[in-house]
Structures are given as structure tokens and as C-alpha cells.
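Reader: I am new to this structure and would like a close look at a single part of it. Please take the salt bridges, and then set them against the rest of the chain.

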Amino acid sequence: MRKEGFTDLHHHILWGMDDGPKTPEQMHAMLKRAVKDGISGIAATSHAYPGARPFDMDKYLARLDEARQYCRQQGWELQLLSGCEIHYCDSVPDQLMAGKLPTLGETRMVLIEFDPYADAATICRASNKLYRAGYQPIVAHVERCRSLLRSPRAAMEIREECGLFYQMNCSTVLEPRGIREHIFVRRMLGAQAIDLVATDAHDTAGRAVCMKETYRALLDRCEPGYARRLVRFGRMCKDDEEMKQG
């Protein structure tokens, strides 16, 4: 991974896979927008609902290769990583071990989406199962987990107790919705209890990339070194290597 630029580890960039771009042209527009926004690495995290239907790995890899080829044709130094946003169910650890779901950049890290109403005990049990299977869970858009949003202190305790990484959406950093989100963002960033910030981009309009703007906002709120870690891949690579060695 290039050290320059931002890394976006939650991005629905591949066309025809989920509720992201519907056509190759829409995907191309999103890639162009990402490059203009200073992004040098994207994890193509298409939605996966393994409890409802099998993830189409062949189609996913074909679309990922298509996107990579397009970037090469344009001469862009944009690295596209594998990955998916996995809606958690009990079969997820087994499906990961069987190679039926892509991990982030072919590491042991996985982006996990929990039901918004999942309680803290459910989240901890899931993380323990993933750890036992050898995977590092990253909670996608943690601010949507209502049990964690209600109590930033409890969210911090669970993060430490269960060894979780927390991902927050750029849109939440820029425009928290309601008093609870305002408090959650302020306290979690203040305690450096968010591990990465990502766009969760789906298109070029309502859910577009905004990493530059978010980084400026983070520099206003956070210590500069922490702000950089939130939008770059270096720390996550280090943690993954430590996990493999440990």
C-alpha cells in the first residue's frame, strides 16, 4: 500500500454487486471521483448476506479485476483491495475459513456489519467466534449500533474487552445526526477509540466520497498523528502482522 493519500476501507465501488453502482460507467465515475479526492487505496467492500444467500465470489473477483484494469488504463496509482461488508450470522467464521467470503486485502481483517439492534453481548460473542477462527473483526459504521451509540463509555469498554476495531463513516464525522451522535463522535474521537474512518460510498451524489473534507475536520478535532492514522492503512497493516505473529 502506498503511504501517500487516503485509504478507504469501506467503499461499495463494484458495479452490479449490491446497492452501489449499477453500470460500469457509474463505477468509472466513482473511481474518478475517488482519485480526485486524494484516495490511493480502496477496499471494494460489496455487501455480503451469508445468512440469506451465498456470496457470488466468481462475479465479485471478475468485477474487481475489471475495476483494476480500468484504473491501469487510466494510469491511476489507485490500489483496489479485496473485501466485503459482511452482515454477521453464526456461519460467518466457517464461511471465511472456507474461502467463501473475501477478507480485507487478503489479510485476516474482516469488515462486519451488525444489526443496528444487536446488543453488546451479541457483538462480543460474534467477535470471540471470529477471533477463535483467526480473524480480526472491524465493526462497520459503529455509530449505527444503537447499543454502543447509547453509551460511549460502554462502547470503549467493549472495544477493549473484545479486541474490536471500530470504523466510523465520514458523513458521521462531518454531520452527526442528533444529540446522541454528536456526543458519540466527540467522545469516541476524543478518546481515540475509533480505529478508522471510511466513506461507505455508494455513488457520486448522495453517498459520495468526502475524504479530504473529513480529514480537514479530523485535524480540527484530533491530534494530527491520530487523524492521519484514521484515514490511512499503515496502522491496520501493523496490527494484522502482529496478529499473524501472535
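Author: In this predicted model, the side chains of R177 and E181 meet in a salt bridge, with 3.8 Å from N to O. The two partners differ in their surroundings: R177 counts as exposed because its relative accessibility is 63%, and exposed means over 50%. E181 has 7% relative accessibility and therefore counts as buried, the limit being under 20%.

The structure holds six salt bridges, and another of them joins the side chains of R144 and D200 at 3.4 Å, N to O. R144 lies in the loop between strand 7 (136-139) and helix 5 (146-149), while D200 lies in the loop between strand 9 (196-198) and helix 9 (211-221), so this pair ties together parts that are 56 residues apart in sequence. R144 has a relative accessible area of 33% and is partly exposed. D200, at 3% relative accessibility, counts as buried. R144 and D200 also belong to a network with R207, joined by salt bridges that share partners.

A further salt bridge is formed by the side chains of K129 and D90, at 3.3 Å from N to O. Distant parts of the chain are linked here: K129 belongs to helix 4 (residues 120-132), D90 to the loop between strand 5 (84-87) and helix 3 (92-97), and the two are 39 residues apart. K129 counts as partly exposed, at 30% relative accessibility. D90 counts as exposed, at 58%.

Next comes the nonpolar interior. The largest nonpolar core has 71 residues, and those with the most contacts inside it are L14, L31, V92, F114, Y166, I194 and L218. Helix 2 gives the most to this core, with six residues. Apart from this core lies another, of ten residues, including L9, I138, F165 and L196. As for L218, once its neighbours within four places in sequence are left aside, this residue is in contact with V173, L189, V197, A227, L230 and V231.

Helix 2 also has a place beside a sheet. This sheet is open and has three strands in the order 1-2-4, with parallel pairing. Strand 1 (6-11) and strand 4 (79-81) are the edge strands, each pairing on one side only. On average, and with direction ignored, neighbouring strands of the sheet are turned by 20 degrees against each other. Strand 1 and strand 2 (residues 39-44) run parallel and are joined by four bridges. In this pairing, H11 stands opposite A44 in strand 2.

Two helices lie across strands of this sheet. Helix 1 (residues 24-36) lies across strand 1, strand 2 and strand 4, and runs at about 140 degrees to strand 2. Helix 2 (residues 57-74) lies across strand 2 and strand 4, and its direction is at about 175 degrees to strand 4.

Last, the confidence of the prediction. The chain averages a pLDDT of 93, and 93% of the residues score at least 70. Over residues 235-246, however, the pLDDT is below 50; this stretch has 19 contacts in the model beyond near neighbours in sequence. Where pLDDT is low, predicted coordinates should not be read in detail.

Technical notes: Residues numbered from 1 in each chain as written. Predicted model: local features only at pLDDT ≥ 70, side-chain atom pairs only at ≥ 80, totals over all residues. Heavy atoms only, no water. Pairing = 2+ DSSP bridges. Axes fitted to C-alpha atoms, helices over the stretch in contact; angles between N-to-C directions. Contact = heavy atoms within 4.5 Å. Core = buried A, V, L, I, M, F, W, Y, C linked by side-chain atoms within 4.5 Å. Buried < 20%, exposed > 50% of the residue type's maximum accessible area, 1.4 Å probe, protein only. pLDDT = per-residue confidence, 0-100. Salt bridge = Lys/Arg side-chain N within 4 Å of Asp/Glu carboxyl O.
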